[in-house]
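Biologist: Could you walk me through this model, one question at a time?

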Amino acid sequence: MTSTSASRGRGGRLSNDAPAPASTFVELTWLERRIETWIRFGHHTSEKIIDRHRRVLGFPAGAVFAFVRWAANDFGTILSRIDILRAVGTGAPCQTVPFVRPGGDILLKIAGWPKVERVLHLIDAVEARGIDPADVSPDHWRHVHNRLTAGQETRTYSIAQHQAFLLRRRAEP
């Protein structure tokens with residue numbers, strides 16, 4: 001990691017063109033047809049390549065991202081999971097998730113391929129509306145988690161709902 005002191009402007013604040021410092025790190029592994037972990041959406045600010053099969057991405061506090069984990073053995077799939085997390089600041093309380101340091105605020109946690117596939121389709125539907133899934137209201141991802149856990153249909157995330165969320169976020173102190 002590089003020091004952020006060189007990119008600081010007057011008063012010790014980060015300049016607008018400098019990326020936010022990462023506070024949550026996600027280790028990604030890719031061993032074809034064995035262990036495959038990837039980020040479905042989200043905006044990382046740092047990347048460290050460990051070797052051919054592993055890298056670590058860093059996300060700034062408050063960033064929302066989807067972390068997908070899949071694993072198989074000689075007999076088929078043994079793990080299929082998606083977690084949508086909000087990165088936490090240094091020292092902030094968080095929930096632990098494998099391969100995520102120190103952890104994050106879990107917005108959605110789904111296991112089992114049929115439900116994971118459903119979440120991936122919901123993410124695709126949000127993108128089809130021209131909305132970045134990383135900018136979607138955290139309440140929507142919690143809603144999706146709760147409805148899928150209960151075996152119910154989810155509500156569609158509309159453009160009007162998204163605009164209301166953006167206005168509410170802008171009005172908050």
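What follows is a short round of questions and answers on rings, cores, a helix and strands.

Modeller: Before we start, this is a predicted model, where local features need pLDDT of at least 70, side-chain atom pairs count only at pLDDT 80 or more, and totals for chains, interfaces and linings use all residues. Residues are numbered from 1 along each chain as its sequence is written, and side-chain values use heavy atoms, with hydrogens and water left out.

Biologist: How are the rings of Trp30 and Trp38 arranged as an aromatic pair?
Modeller: Rings of Phe, Tyr and Trp (its six-membered ring) pair if their centres lie within 6.5 Å; planes under 30 degrees apart are stacked, over 60 edge-to-face, and the rest tilted. That rule gives three aromatic pairs. Trp30 and Trp38 sit 6.1 Å apart centre to centre with 65 degrees between the planes, so the pair is edge-to-face.

Biologist: And which arrangement do Phe41 and Trp141 have?
Modeller: Phe41 is in strand β2 (residues 35-41) and Trp141 in helix α2 (residues 138-149), so this pair links parts of the chain 100 residues apart. Helices (H or I, at least four residues) and strands (E, at least two) are DSSP runs, numbered from the N terminus. With 5.7 Å between centres and 25 degrees between planes, the Phe41 and Trp141 pair is stacked.

Biologist: Is Trp141 buried or exposed?
Modeller: The cut-offs are under 20% relative accessible area for buried and over 50% for exposed, with partly exposed in between (1.4 Å probe, protein chains only). Phe41 comes in at 5% and counts as buried. Trp141 has a relative accessible area of 0%, so it is buried.

Biologist: Which element supplies the largest share of the largest nonpolar core?
Modeller: A nonpolar core is a set of buried Ala, Val, Leu, Ile, Met, Phe, Trp, Tyr and Cys residues joined through side-chain atoms within 4.5 Å. The largest one has 23 residues, and Phe41, Ile82, Ile84, Val119 and Trp141 have the most contacts inside it. β5 (64-73), β6 (76-87), β8 (100-111), α1 (113-128) and α2 each give this core at least two residues. The largest share, six residues, comes from α1.

Biologist: How far does α2 reach from its first C-alpha to its last?
Modeller: Its buried residues are Pro138, His140, Trp141, His143, Val144 and Leu148, and they pack against β2, β5, β6, β8, α1 and α3 (159-171). The expected span is 1.5 Å times one less than the number of residues. For the twelve residues of α2 that is 16 Å, and the helix comes close to it, reaching 17 Å.

Biologist: Which residue has its backbone oxygen 2.6 Å from a polar side-chain atom of Ser23?
Modeller: Ser23 is in strand β1 (residues 22-31) and counts as buried at 12% relative accessibility. Contact here means heavy atoms within 4.5 Å; leaving aside neighbours within four places in sequence, Ser23 touches residues including Phe59, Gly89 and Arg101. The backbone oxygen at 2.6 Å belongs to Val88.

Biologist: What is the bridge partner of Val97 in β8?
Modeller: Two strands pair if DSSP finds at least two bridges between them. β8 pairs antiparallel with β6 over seven bridges, and with β7 (residues 95-97) over two. β7 and β8 form a hairpin with two residues between them, where Phe99 in the turn has a positive phi of about 70 degrees. In β8, the partner of Val97 is Val100.

Methods. A polar contact is a pair of N or O atoms within 3.5 Å; within protein, one must be able to donate a hydrogen and the other to accept it, and residues adjacent in sequence count only if both atoms are side-chain atoms.
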